[in-house]
Amino acid sequence: GYLSVLISDEIRAMAEFLSLVPTDYSLEEGKDLMQGLTSLQPKKVEAMLHACKSIKVKRLFLVLVEESGY
């Protein structure tokens with residue numbers, strides 16, 4: 001047999017990371033990660049933001065997107 005592993009795309013991974021700010025990670029780490037994202041697709045970002053139930057994650061994501069110049 002083989003092992004099947006599901007992984008998050010970069011948008012969802014970023015949202016998952018932001019859910020752990022500030023308890024496990026700093027906002028500065030989030031800024032660094034956001035700047036490393038190379039191809040944010042607006043439709044995928046919009047879909048994630050609509051599906052996301054966390055106001056904190058939505059706000060942090062939007063702030064970091066704006067600060068990163070996307």
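I take buried to mean under 20% relative accessible area and exposed to mean over 50%, with partly exposed in between. The model I am looking at is predicted.

**Entry 1: Ser19**

I looked up Ser19 with those cut-offs in hand. Its relative accessibility is 36%, so I put Ser19 down as partly exposed. I find Ser19 in the loop between H1 and H2. Which residues does Ser19 touch, leaving out those up to four places away in sequence? I note Lys56 and Val57. I also checked a C-alpha distance from Ser19, and the partner was Lys58, 39 residues along the chain. The two C-alpha atoms are separated by 9.4 Å.

**Entry 2: the loop after H1**

I stayed with the loop and went through its peptide bonds. The bond from Val21 to Pro22 is cis, and I read its omega as near 0 degrees. Pro22 belongs to the loop between H1 and helix H2, and I have H2 down as residues 27–36.

**Entry 3: H1 against H4**

I turned next to the packing of two helices, H1 at residues 10–18 and H4 at residues 55–68. At what angle do H1 and H4 pack? I get about 115 degrees, and their axes lie 9 Å apart. On the H1 side I list Ile11, Met14, Ala15 and Leu18 as making the contact. On the H4 side I list Lys56, Val57, Leu60, Phe61 and Leu64. I recorded the crossing of H1 and H4 as right-handed. Lys56 and Val57 thus appear twice in my notes: they belong to the H4 side of this contact, and Ser19 touches them from the loop.

**Entry 4: the whole chain**

I then stepped back to the chain. How many helices and strands does the chain have? I count four helices and zero strands, and along the sequence the pattern reads α-α-α-α. I boxed the C-alpha atoms along the principal axes and got roughly 45 × 30 × 25 Å.

Of the 70 residues, I find 27% buried. I looked at contacts between residues at least 6 apart in sequence, and 69% of them join residues at least 24 apart.

**Entry 5: surface and charge**

I looked up the exposed area last. The chain exposes about 5,300 Å², and I attribute 57% of that area to carbon and sulfur atoms. For charge, I have 8 positive and 10 negative in the chain. I took the mean position of each set, and the two lie 10 Å apart.

Key: Residues numbered from 1 in each chain as written. Predicted model: local features only at pLDDT ≥ 70, side-chain atom pairs only at ≥ 80, totals over all residues. Heavy atoms only, no water. Buried < 20%, exposed > 50% of the residue type's maximum accessible area, 1.4 Å probe, protein only. Contact = heavy atoms within 4.5 Å. Areas by Shrake-Rupley, 256 points an atom, 1.4 Å probe, with all protein chains shown as cover. Lys, Arg positive; Asp, Glu negative; His and termini not counted. Charge placed at Lys NZ, Arg CZ, Asp CG, Glu CD. Axes fitted to C-alpha atoms, helices over the stretch in contact; angles between N-to-C directions. Left-handed = near helix turned anticlockwise from the far one by under 90°.
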